[in-house]
Amino acid sequence: MEEIVFGIGITALAGALATVAGAAEDVESDIGSQGDPNSQVQLAPQMGYIHRIFNKAVAGEPPAYGLWVALGAGLAWAFMAMQINPILAIVLGSALAVFVQGVYATTAYLGRTASLAKFGQPVYIDILKSMTTVTMAHAFVAIFTTVAMCHLMIGALGHPFPLPLLGLVWGIALGAAGSATGNPFYGKERQYQEQKFGAGVPISASGNIVRYAEAGQRNSLDNGFFSAKLGGPASGVCFGLIVFFELWRTVVFEELNVWGPVIVGVIVILIFAIIDRYIEVWARKNFGPYTAPEEASS
Amino acid sequence: MSALGGPKQTVGVQPPTGMGLVVSIVLIVVALALAFYLVQMAGVLAVIGIIIGGVLIAFGVHFVPVGGAPAAMGQAPGIATGVAMLAAGAGLAGLFGGAWAAPFGLAVALAGGAVGGGLLMAITCTMVNVIYIFGMGIPAASGKVAKDPITGDTFPEYKSQGTEGHGLPFISWVGGVIGGALGGLGGTLIYLELLDIYQAQLPIILNTTVEQIAPVAVSLAGIFAVGMFLVNAVLAAYNITGTIEGPHDPKFKRFPRAVIAAAAASAVTGIFAIALLRLIGGF
């Protein structure tokens, strides 16, 4: 019994760490414009819209996070093998991994933006100076929490994978959850605020991103502020729930029966099916069918 | 003709070419023969398991509703990320669960892997709909079919002008969960097959006990399972090209080609994973 209570505590802590990781990951990727709407930031200058938004997407978010978290976990693992205190080892490993992220962000921004020179898009050095450190700070939070969570899974719950491999697995899952959940909020709601709320962005409006903020020209720090309101927390809840339910169903129900975690997993999936169907019907009832926006009559 | 030339892409069934089939069968037979030469019957069974796992992953990826960048702007239905990435995320979460349950036997581990992958997709798809509905105010509407085959909801009147649909209809949600479950199942199967081979062979080659070799065997099997997962997921993503809404999408019918390619790719990667034993023994 005591073991189960301990396991639940570890599960809750891992879930909390994952929630923070998801939120930081999404805000980081939105500031760096690394998630899927990045094509719009790349496309905008070609459509004649010069902007001051960071753009560091080269590979997708999940493999990038897979790399950074695996790197942080691998270094932490090596430090622990050198008898360094685990907490210090995880901090050091994550800090070193963040420098790789910083180099990646710098070269990606310079390379991607320089490729748009023929469309008149300048490389803003002040943007590079101010944004890179901010994405690095967010990336540190995401990497540190994920590596710490992986360490808990091995040290306290006894998962057989070594720390770097677990870092790779959960890094990719973190990127997948963050890029799936948080990105639409940044992509549509932030970049296309001129479009009518409650409708998708017409394909003809591609590249016509909003470039001005409340105080002058918009930059990626404004995007971070915006994403932190809903996209980030939603990504955090998504990743936190994934980690929590994956661990919880195993820790609590494995003791009763070896099939327990499987049965509970299926029940949880069915509960999420009901929740999804409920909100889908709610949206159809409350938003109603699409109505074309009325043309402004003169 | 497309802008780049070549035959026009058809959305329906695209059967594999005769040449492709012959090459795939030859590769699989060669891999099985090599496996028999290296570790006798156990090797053949492991390669067959790896091929089944790879096929399950490639088939599963076709179920996952992915909209890429257009989905992130409410221009197309699906989840706003890449096919291979999302499927890999789900499958690896399954592998995490499956590897954990490995001591309880094949059936429990496989079921654990499948449920793990399905659970990740169930939570992700639900949260995606939460963002679409409460963050962007967009109800789900498919651009490929007029009616949801499961719930019977009609879509055309909910679809915004100038888009190919948006949100995540219930059929796509179900497709995502099935895809995640198949991915988790396939990944776990590959892991368990490799783990068996390594645990049986490594102690003989290195002249150690099973307990001493366990961390090496787990790490090698895990990293190869992750690698093969990505091989098969990327392969399936190339077959899909861009976006897919789920099992109701006409592109779904393209899966036979990916399944055959995945079988050949898994056989080749599988034989490399097994031949590694000889390499370790050589040192």
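**Packing between and within chains A and B**

Put together, chain B and chain A bury about 6300 Å² between them, and 74% of that area sits on carbon and sulfur atoms. On the chain B side, B:Met73, B:Phe96 and B:Trp100 do more than any other three residues, supplying 13% of the area that chain B buries against chain A. In residue terms, 73 residues of chain B touch 75 residues of chain A. All of this comes from a predicted model. Salt bridges also turn up across the interface of chain B and chain A, two of them by the rule used. A salt bridge joins the side chains of A:Arg284 and B:Asp153, with N to O at 3.7 Å.

Helix α6 of chain A (residues 163-181) packs against helices of chain B. One partner is helix α3 of chain B (residues 83-100): the two axes come within 8 Å and cross at roughly 135°. At that angle, which is neither under 35 degrees nor over 145 nor between 65 and 115, α6(A) and α3(B) are therefore oblique to each other. The crossing of α6(A) past α3(B) is left-handed. From α6(A), the contact draws on A:Leu166, A:Val169, A:Trp170, A:Ile172, A:Ala173, A:Ala176 and A:Ala180, and these face B:Met85, B:Leu86, B:Ala88, B:Gly89, B:Leu92 and B:Phe96 of α3(B). Sorted by class, the contact of α6(A) with α3(B) comes out as 12 nonpolar residues, one polar and no charged. B:Phe96, part of this helix contact, is also one of the three residues named above for buried area.

The other partner considered here is helix α6 of chain B (residues 210-240), whose axis lies 10 Å from that of α6(A), at an angle of about 25°. That makes the two helices, α6(A) and α6(B), roughly parallel. Their crossing is left-handed. Here A:Leu165, A:Leu168 and A:Val169 meet B:Ser219, B:Gly222, B:Ile223 and B:Val226, a set with five nonpolar, two polar and no charged residues. A:Val169 thus appears in the contact with α6(B) as well as in the contact with α3(B).

Within chain A, helix α1 (residues 2-31) packs with helix α8 (residues 220-227), their axes coming within 8 Å and crossing at roughly 150°. That makes α1(A) roughly antiparallel to α8(A). This crossing is right-handed. The residues that meet are A:Asp26, A:Val27, A:Asp30 and A:Ile31 from α1(A) and A:Ser220, A:Asn223, A:Gly224 and A:Ser227 from α8(A). By class, the contact of α1(A) with α8(A) holds two nonpolar, four polar and two charged residues.

Conventions:
Residues numbered from 1 in each chain as written. Chains lettered and ligands numbered in written order. Predicted model: local features only at pLDDT ≥ 70, side-chain atom pairs only at ≥ 80, totals over all residues. Heavy atoms only, no water. Axes fitted to C-alpha atoms, helices over the stretch in contact; angles between N-to-C directions. Helix = DSSP H or I, 4+ residues; strand = E, 2+ residues; numbered from the N terminus. Left-handed = near helix turned anticlockwise from the far one by under 90°. Contact = heavy atoms within 4.5 Å. Nonpolar A, V, L, I, M, F, W, Y, C, P; charged D, E, K, R; others polar. Buried area = accessible area lost by both parts, 1.4 Å probe. Salt bridge = Lys/Arg side-chain N within 4 Å of Asp/Glu carboxyl O.
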